[in-house]
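Work through the two exercises below with the coordinates open, and try each task before reading its solution.

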Amino acid sequence: MSNRFEKLPVKIYEDNARASSAVAARIADLIRRRSAEGKKAVLGLATGHTPINVYRELIRLHKNEGLDFSNVITFNLDEYWPIQPDAFQSYHRWMNENFFGHVNIPKGEINIPAGTVGPDKVESFCRQYEENIRRCGGIDFQILGIGRTGHIGFNEPGSGRESRTRLVYLDAVTRKDAAGDFFGEENVPAQAISMGVGSILEGREIALLAFGEHKAPIVQRAIEGEISSSVAATFLQSHPACTFYLDEAAAACLARMATPWLLGSCVWDELLERKAVIWLSQKLSRPILKLTDEDYAENGLAELIHNRRGCYQLNIDAFKRLMNTITGWPGGKEKPKKVLILSPHPDDDVICMAGTMSRFVKQGHEVHVAYMVSGFLSVFDYDVDRFADFVRQFNDIFGLTPKQTRSIEEHIEKFLRNKSPGDIDSPEVQAVKILIRRTEAVAAAKFCGVSEANCHFLNMPFYNTGKVQKLPIVRQDVHAVEKILDEVKPDIIFAAGDMSDPHGTHRMCLAAAMQALEQYNKSAARKPELWLYRGAWQEWPVEQIDMAVPLAPDELSQKRRAIFRHQSQKDTAMFPGPYDNREFWQRAEDRNMASAKLYDTLGLPEYHAIEAFARWPIKRSADSRKQLLS
Ligand code: F6R
């Protein structure tokens, strides 16, 4: 155990890919060892957004390095109930598409709870499932994800230490989390068949993976909290060989990352000092400049004031640094600049920085927005119906191609009538959805003063699966960004720096942007500055903020109106994300006002709202860097 707070082994990696490769390497090693002994390797498998890179890496090892799966037996943790195996959201389908279809596990050795078993047969099915695991000698290596309720498998709060494979009811939070995959909470099954906590704990080795800030609080509870049936993952603390594999974001709430000074001596640098000062100021609800040596000493920060010979200069340094982040002139006053905003979806630009965007325009800079993916997946079918009707009537009024218009409208009507939730849209329906989002994006950008000619639609191919799950980033995706960089030749770039958007689209857009920028910078006459804004899901921690652009009350209402231009996302969004019932404009306002409030409580000027940005490369303290494995 790395410290007194953590009750089981934890490995923290810089990112998901590195953590997933480490888990895949352990599995590959097990398979090879077992094969050399002439034995079978029994794997317990999970689905969901988390383990996908483990499967991708195992597939790579199979294809490129000859990893042979012919001695492998698998048991999946769970499956929705009832569900057909070919349904889009079925775990049978998911496993085939993401793993089984690409490796050579013998078909008869694959076991997944059946979503089709009748109600009177479920109990005996579950008993048999357990029996089959036992007959194979038990699970050698179990992969787990963790739900926001702390579930492992679908062992929701209340699941006991001894629970076995059974039919369970999904928690309301879990159903909300799954709503995006099912295109609406109402389509999520109420029940699932899941291996129990007791069944999972019998695995010889367990790897729990968790990625993204949205997992950070529950990960902290599972690792540092007391064992309790209200968080099933805490039972893993009693397992002799369970390790948590985390990315930095999911580890953020662990004491060693959030408050390392409570654990002992730290590697103090400017960033960690600032983090500690802000933490103390918030903890005591006292402005930075009023913090005393006693406050520091009484709250585990004696080492810091010892190093700095008292808190006087420390407070002033932290205060000044925060003051210097505040600017009403984000592009500077010297000369007009070219600004390129990379907006993953068509509304992220205004949700995250409509105020700053408008200010750039007003201050005479040339602003371009590049919308990276089309975002058509988030348009409701009824809007397509309405627009098709509008176009037909419009064309009727003006006598424009009525025959062709009518035949497209008829196709759309028929297609939508027969569509089940999650079905991939026909090309015509997709085209209308793309158009809806495009015209909304242009309307919102124009509202902020950006001309239509400066709105660019990249339509990156990785997004265009028609399904929630996206393809990996390929050369064409990167090329789309390179092209716009070459065209605009920006002085300043803004990009979304999210790590926890629900489907990973923001993360993928950022990865593509970074690759493109690396290429572009090789030959660019001058390298652009890169600033990151956070998406709709969270804000930068204060110590990470490098630029804070204050918004007056009127500017914030203008921002709201810009967001309203995205009519198809208003009232209810298709993918609001599982963690928040508020609309996007409400989140944006709450977040911008909360940032202003925070600055105020730290003793800085009191503004109405603040849009916050961090400058790339994002700084990481030496102390947190030392926690990361490569
Ligand atoms: C999936 C499973 C679940 C998930 C958990 C996290 O087979 O049993 O416990 O691991 O809900 O899901 P993601 O990875 O989608 O966040």
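The exercises concern a predicted model, and they take up the ligand site and then an internal cavity.

**Exercise 1. Describe the surroundings of the ligand, from the residues around it to the polar contacts.**

Step 1. Begin with the shell, which consists of 14 residues around the ligand, and among these Thr50, Asp78, His151, Gly153 and Lys215 come nearest.

Step 2. Sort the shell by class, which gives 4 nonpolar, 8 polar and 2 charged residues.

Step 3. Look for N or O atoms within 3.5 Å of the ligand's oxygen atoms, the cut-off for a polar contact. A polar side-chain atom of Thr50 lies 2.4 Å from a ligand oxygen, and one of Thr47 lies 2.9 Å from a ligand oxygen. Gly153 contributes through its backbone instead, with an N or O atom 2.7 Å from an oxygen atom of the ligand.

Step 4. Consider the cover as well: on its own the ligand has 400 Å² of accessible area, and the protein covers 89% of that area.

**Exercise 2. Which residues line the second largest cavity, and which elements give two or more of them?**

Step 1. Count the cavities of 30 Å³ or more, of which the structure holds 4; the second largest encloses about 60 Å³ of space.

Step 2. List the lining of this second largest cavity, which is formed by Asp347, Ile351, Ile563, Phe564, His566, Gln569, Lys570, Glu583, Phe584 and Trp585.

Step 3. Assign the lining to elements: helix 19 (553–564) and helix 20 (584–601) are those that give two or more residues.

Step 4. Classify the lining residues, which comprise 5 nonpolar, 2 polar and 3 charged residues.

How values were computed:
Residues are numbered from 1 along each chain as its sequence is written. This is a predicted model: local features need pLDDT of at least 70, side-chain atom pairs count only at pLDDT 80 or more; totals for chains, interfaces and linings use all residues. Side-chain values use heavy atoms; hydrogens and water are left out. A residue is near a molecule or strand if one of its heavy atoms lies within 4 Å of it. A polar contact is a pair of N or O atoms within 3.5 Å; within protein, one must be able to donate a hydrogen and the other to accept it, and residues adjacent in sequence count only if both atoms are side-chain atoms. Accessible areas come from the Shrake-Rupley method with a 1.4 Å probe; for residues, only the protein chains shown count as cover. Ala, Val, Leu, Ile, Met, Phe, Trp, Tyr, Cys and Pro count as nonpolar, Asp, Glu, Lys and Arg as charged, and the others, Gly among them, as polar. On a 1 Å grid over the protein atoms alone, a cavity is a set of points where a 1.4 Å probe fits but cannot get out, and a pocket is an open set with protein on both sides within 12 Å along at least five of seven lines; lining residues have an atom within 4 Å of a point. Helices (H or I, at least four residues) and strands (E, at least two) are DSSP runs, numbered from the N terminus.
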